[in-house]
Amino acid sequence: MSEALAIDGLPPLRQVIDSHGLATKKSLGQNFLLDLNLTGRIARTAGDLSELTVIEVGPGPGGLTRALLMHGAKQVIAIERDSRCLPVLAEISDHYGDRLKVIEGDALEVDLASLASGPTAIVANLPYNIGTQLLVNWLSGPVWPPFFQSLTLMFQREVAQRIVATAGDNHFGRLGVLAGWRCHSEIAFDVSPQAFWPPPKVTSSVVHLTPRQQPIECDGAALEMITRHAFGQRRKMLRQSLKPIGGIALLDRVGIDGTRRAETLEIEEFCALANAFKQV
């Protein structure tokens, strides 16, 4: 009996992929995780799952799905766009019963909040092509605290570094502002390209985010606009990069020197700019 079969009684992931002919699709940003020990580590990073509904985006052949169920998730709701993966996920569902629910659909279009039943976490090896947009959507929603109590997500390491970056860091940008405004975030660990099939050209990282219960009062849409302009021309002084939305007048209103550059501002200052912009 193989090691993977001994872990959860299901076939090894590589055997599953081969038997179902699941070649990855670049158009879907797919890179399949094959190591159940690694997917188990991701599940453990999410914490105690026994009382949680876990929403997973892009399960593919179900490596992380299996780990979440093995580590005691009360229920896993897996959202998969690729119909080729549905028979594989159905086999996992047969094995674990009603603890796994599979929804065929695009995660960018599915209302995840409506799926939450009780305490909820999102755990996912996000498709590379939509991962950042999904995170921005989850961070900038109108309702806060959100429906999820944590996010445990896989990104390319460069993106992960941008998420956890703070003022003065070379990686600090729009993602760092949005994540830092509403969440505590940390890189839990890195993942080698060899853990995936096919191996990507870059190292990946697992990021764990927990919502701040009382973030700075700020309009998310205005903050997104401010950061988009400020970091869109990050080498320029703020009086230039923010010129299309108020420039010097906006900066003077909150007492920020127009010769500063975006990466030097603290999150509190970005929020002050967003609030001032909203009041115009």
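How many bridges join strand 3 to strand 4? Select residues 75–80, which form strand 3, together with strand 4: five bridges join the two, and they run parallel. Within this pair, display Ile 79 and locate Ile 103 in strand 4, which stands opposite Ile 79. The model on display is a predicted one.

**The sheet**

Extend the selection to the whole sheet. It is open, has seven strands in the order 4-3-2-5-6-9-7, and shows mixed pairing. To find its edges, select 100–104 for strand 4 and 183–191 for strand 7; each of these pairs on one side only. The average twist from one strand to the next is 20°.

**Helices on the sheet**

Next, select residues 131–139, helix 6. This helix lies across strand 2 (53–57), strand 5 (120–125), strand 6 (150–156) and strand 7. Relative to strand 6, helix 6 runs at about 155°. Then move to residues 174–182, helix 8, which also packs on the sheet. Helix 8 touches strand 7 and strand 9 (204–211), and its direction makes about 120° with that of strand 7.

**A pair of helices**

Two packed helices are described by the angle between their axes and the distance between the axes. Select helix 4 (63–70) and helix 5 (residues 86–96). Their axes come within 10 Å and cross at roughly 10°. Because angles under 35 degrees count as roughly parallel, helix 4 is roughly parallel to helix 5. Show the side chains at the contact: from helix 4, Thr 65, Arg 66, Leu 69 and Met 70; from helix 5, Leu 89, Ile 92 and Tyr 96. By class, this contact comprises five nonpolar residues, one polar and one charged.

**The cavity**

Finally, turn to the empty space inside the model. Rolling a probe the size of a water molecule over the atoms shows where empty space is left. How many cavities of 30 Å³ or more does a search of the whole structure find? The search finds one. About 360 Å³ of space lies in the largest cavity. To centre the view there, select Gln 30, Gly 58, Pro 59, Glu 80 and Pro 127, the closest to the cavity centre of the 27 residues that line it.

Now colour the elements that contribute to the lining. Strand 1 (32–33), strand 2, helix 4 and strand 3 each supply at least two of its residues. Colouring the lining by class instead gives 13 nonpolar, 10 polar and four charged residues.

How values were computed:
Residues numbered from 1 in each chain as written. Predicted model: local features only at pLDDT ≥ 70, side-chain atom pairs only at ≥ 80, totals over all residues. Heavy atoms only, no water. Pairing = 2+ DSSP bridges. Helix = DSSP H or I, 4+ residues; strand = E, 2+ residues; numbered from the N terminus. Axes fitted to C-alpha atoms, helices over the stretch in contact; angles between N-to-C directions. Contact = heavy atoms within 4.5 Å. 1 Å grid on protein atoms, 1.4 Å probe; cavity = no way out; pocket = protein on both sides within 12 Å on 5 of 7 lines; lining within 4 Å. Points joined across faces, edges and corners; volume = space filled by probe spheres on them. Nonpolar A, V, L, I, M, F, W, Y, C, P; charged D, E, K, R; others polar. Parallel < 35°, antiparallel > 145°, perpendicular 65-115°, else oblique.
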